[in-house]
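Me: I am new to this structure and would be grateful for a close look at a single part of it, namely the surface around the DNA strand. Please then relate that part to the charged and aromatic contacts elsewhere in the chains.

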Protein chains: 2
Amino acid sequence: MTTIKDISKACGVSPATVSKALNGYAEISPETVELVKQTARDLNYMPNAAARLLKTNKSHNIGVLFVDDTMSGLTHEFFSLILNSVKEEAETRGYDITFISNNIGGQKMSFLQHCKYRNCDGVVIASIDFQNPEVLELVRSKVPVVTIDYSFDNLSSIVSDNQEGAYRLASYLAEMGHRRIAFIHGERTLVTQKRIRGFNRAMAEYGIETPPEYMAEARYHDAVSVRKATAALLDLEVPPTAIMFPDDFSFIGGQTEILERGLNIPNDISVCGYDGINLSRILNPRLTTWYQNADRIGKESVRKLVESIEGKSVAEQIMVSGEFLSGNSVRRWVEE
Amino acid sequence: MTTIKDISKACGVSPATVSKALNGYAEISPETVELVKQTARDLNYMPNAAARLLKTNKSHNIGVLFVDDTMSGLTHEFFSLILNSVKEEAETRGYDITFISNNIGGQKMSFLQHCKYRNCDGVVIASIDFQNPEVLELVRSKVPVVTIDYSFDNLSSIVSDNQEGAYRLASYLAEMGHRRIAFIHGERTLVTQKRIRGFNRAMAEYGIETPPEYMAEARYHDAVSVRKATAALLDLEVPPTAIMFPDDFSFIGGQTEILERGLNIPNDISVCGYDGINLSRILNPRLTTWYQNADRIGKESVRKLVESIEGKSVAEQIMVSGEFLSGNSVRRWVEE
DNA sequence: TATCTTGACGAAAACGATTTAGTAAATTAC
DNA sequence: GTAATTTACTAAATCGTTTTCGTCAAGATA
């Protein structure tokens with residue numbers, strides 16, 4: 001590898017001058033700058049990130065913490081999309097990303113320790129469980145942090161408008177004449193609470209009473225638990241005419257149950273999902289759902305994080321709005 | 001941050017001794033080792049990865065290169081699964097992973113340059129296009145490399161048994177009485193070629209002639225192109241009775257087309273996918289498909305890569321075998 | 001007793017960059 | 001013409017480790 005010294009020799013200037021020329025210091029004459037830059041190119045020079053980091057304490061590396069007991073989020077399309085856009089945005093801003101984990105090389109290491117070990121300049125956290133002690137430790141540390149879909153005081157966060165999304169879906173069902181609307185929601189996280197609030201608001205506005213058994217709990221992204229919940233709803237004496245599912249993917253579990261009972265979507269039962277992932281547009285019938293702009297969520301979180309790393313920036317809650325996607329999975333319902 | 005110096009002061013020994021004690025050199029007395037380790041723990045010491053790297057040239061970081069024009073592979077469930085298992089295996093072996101890209105911070109940088117910049121100890125490559133000049137540059141460099149689903153001479157590779165998979169699926173269809181079997185395959189990559197070979201072998205064994213129009217090209221993971229290809233097949237004067245799809249996900253495109261024509265799977269037409277991702281087990285009817293062991297592919301590639309980084313290891317082609325998953329998407333076919 | 005080993009540790013030089021505090025020459029000010 | 005300032009550069013310290021040689025006592029050997 002060619003180093004700054006090689007360039008300095010080749011140009012007949014000191015290493016200090018090379019460094020400054022490369023980093024755009026004003027005190028270097030234009031000719032020298034040009035000479036140095038050209039030589040650097042000729043010698044195929046790449047700065048050594050480790051040496052630079054050691055001196056500057058800037059790693060140009062941001063950590064990504066996707067905590068999810070089950071599958072670390074990577075195989076969850078919504079999170080994959082976020083990860084992908086985080087990656088892209090980070091790269092265009094000159095940052096690489098590192099997955100933060102807590103067991104490197106067999107030895108237990110807290111998330112914070114991992115960040116310090118790798119000198120992450122900041123971290124994007126998307127987590128199911130923001131009460132996790134290690135997550136809290138990280139959040140409370142000096143390391144700049146941006147959280148997704150959860151807000152801490154004095155920290156920037158990017159949140160999807162969960163309340164609005166659930167409200168709009170529920171309103172739509174009500175609008176279409178449904179009065180027996182069930183909501184299979186995910187684990188009771190903050191996100192879920194917001195969605196439930198949105199759902200309830202819609203029900204209240206349309207003067208619909210929702211019996212407790214219509215509010216079923218399943219797990220996000222888990223087709224099996226959702227299928228069970230669906231079965232339970234269909235077994236009720238007075239089953240719902242419409243069901244809101246936790247997310248598009250897990251809806252497949254519900255769909256399976258519905259189809260196996262010989263029921264038709266949307267003629268016998270109306271459904272909607274959440275997320276607006278690719279899958280939903282491709283399903284037959286096309287799923288009515290709420291699109292979460294994963295791309296913008298990812299980009300915004302990196303933007304905010306980099307701002308807080310580089311300059312001063314005030315903590316801010318950024319709401320990324322979604323969009324109603326109408327499909328063919330809801331029919332107009334007229335009470336017999 | 002506490003450094004080795006802090007420990008040395010606290011223990012009254014030199015930094016050199018601390019380093020040696022921490023790294024298990026034999027020349028340090030057991031008592032000193034114990035003292036140093038305890039103090040390190042007390043002071044919550046974390047070695048500075050950058051400083052260590054600078055000196056040792058070992059970053060304990062492996063690069064991951066998933067090239068895919070369309071979506072960098074991250075949202076492709078099969079690749080997500082591989083990525084996830086690569087990540088996990090790397091972590092248990094004490095490595096972090098870095099995504100290799102070629103445009104960091106707006107300035108164009110080759111994959112190889114990126115690797116050097118970040119001092120990656122080695123790289124796992126999974127790519128659609130192994131002829132990409134930058135990929136080739138990386139492959140030919142000194143950087144240890146393991147490739148997935150493609151083999152270079154003198155390099156280790158982990159390959160899925162694509163030929164076997166396609167062969168088994170095609171054989172199964174023939175076994176079930178089908179004689180008009182179409183194969184919608186992906187772009188003409190090496191993987192595709194292997195699958196076509198497997199398909200052809202099965203056809204030959206069963207004495208089936210496949211008209212050229214039954215071999216359709218679409219794009220992996222692209223439901224739209226697959227839907228088009230499906231439509232073209234169904235429009236044929238003599239349409240196939242069974243279709244093999246490029247992968248489980250893009251099959252959804254075919255399914256949509258089939259259902260919209262009022263056809264039933266498997267009564268009117270039999271289908272099978274490829275990959276064996278979650279989705280396939282959840283679809284209704286359950287998809288007959290070939291399971292690719294993404295988890296093992298990821299783990300093996302890291303194992304092989306780390307071996308080649310750390311000790312000497314001979315280049316080796318490792319075949320990861322898949323598994324036939326029978327679903328309900330194929331029916332026995334009796335020619336009228 | 002004089003020499004050789006061995007064990008346990010330390011001094012100091014790296015690794016490749018950045019940055020502070022100069023310095024010498026050229027330019028400007030008065 | 002001298003002093004002050006500016007311009008364009010350099011020397012050297014530094015970041016936190018690792019690692020190569022020492023060193024120095026204590027015990028072993030002859």
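Reply: The account below begins at the DNA and then turns to salt bridges and aromatic rings. The model is a predicted one.

DNA strand D is surrounded by 27 residues. The closest of them come from both chains: T17(A), K20(A) and K55(A) on one side of the list, I4(B) and S19(B) on the other. By kind, the residues of this surface comprise 11 nonpolar, 10 polar and 6 charged. Four helices each contribute at least two residues to the surface, namely α2 (15-22) and α4 (49-56) of chain A and α2 (15-22) and α4 (49-56) of chain B. Of the elements, α4(B) gives the most, with 4 residues.

On the side of the nucleic acid, sugar or phosphate accounts for 57% of the atoms of DNA strand D within 4 Å of the protein, and bases account for the rest. Several polar side chains can be placed against the phosphates. T17(A) has a polar side-chain atom 2.3 Å from a phosphate oxygen of DNA strand D. For S19(B), the corresponding distance from a polar side-chain atom to a phosphate oxygen is 2.6 Å, and for N23(B) it is 3.3 Å.

Charged contacts also occur within the protein. Side chains of opposite charge can pair when their charged atoms come close. Over all chains, the structure holds 33 salt bridges. One of them is formed by the side chains of D96(B) and R118(A), with 2.5 Å from N to O. This pair joins two chains, because D96(B) lies in strand β2 (residues 96-99) of chain B while R118(A) lies in the loop between α6 (111-117) and β5 (122-127) of chain A. D96(B) counts as buried because its relative accessibility is 1%, and R118(A) is buried as well, with a relative accessible area of 11%.

Other salt bridges lie inside single helices of chain A. E205(A) and R201(A) meet at 3.9 Å, N to O; both belong to helix α9 (residues 190-205), 4 residues apart, or about one turn of the helix. E205(A) is partly exposed at 49% relative accessible area, and R201(A) is partly exposed at 33%. Helix α13 (residues 294-310) of chain A holds both D295(A) and K299(A), 4 residues apart, and their side chains form a salt bridge of 3.9 Å, N to O. D295(A) counts as partly exposed at 37% relative accessibility, and K299(A) is partly exposed with a relative accessible area of 25%. In addition, R227(A), D235(A), E257(A), E260(A) and R261(A) are joined into one network by salt bridges that share partners.

Aromatic rings form a further set of contacts, with 17 aromatic pairs found over all chains. Among them, F130(B) and F152(B) pair edge-to-face, at 5.8 Å centre to centre and 65 degrees between the planes. The two residues are 22 residues apart and link distant parts of chain B: F130(B) is in the loop between β5 (122-127) and α7 (133-140), and F152(B) is in the loop between β6 (145-148) and β7 (156-160). F130(B) counts as buried at 4% relative accessibility, as does F152(B) at 15%. In chain A, F66(A), F78(A) and F79(A) form one aromatic cluster.

Charges and rings also meet. The charged end of K87(B) sits over the ring of F99(A), 5.6 Å from its centre. R195(B) lies over the face of Y274(B), 3.7 Å from the ring centre.

Definitions and conventions: Residues numbered from 1 in each chain as written. Chains lettered and ligands numbered in written order. Predicted model: local features only at pLDDT ≥ 70, side-chain atom pairs only at ≥ 80, totals over all residues. Heavy atoms only, no water. Phe/Tyr/Trp six-rings, centres within 6.5 Å; stacked < 30°, edge-to-face > 60°. Buried < 20%, exposed > 50% of the residue type's maximum accessible area, 1.4 Å probe, protein only. Lys NZ or Arg CZ within 6 Å of the ring centre and 35° of its normal. Near = heavy atom within 4 Å. Polar contact = N/O pair within 3.5 Å; in protein donor to acceptor, adjacent residues only side chain to side chain. Nonpolar A, V, L, I, M, F, W, Y, C, P; charged D, E, K, R; others polar. Salt bridge = Lys/Arg side-chain N within 4 Å of Asp/Glu carboxyl O.
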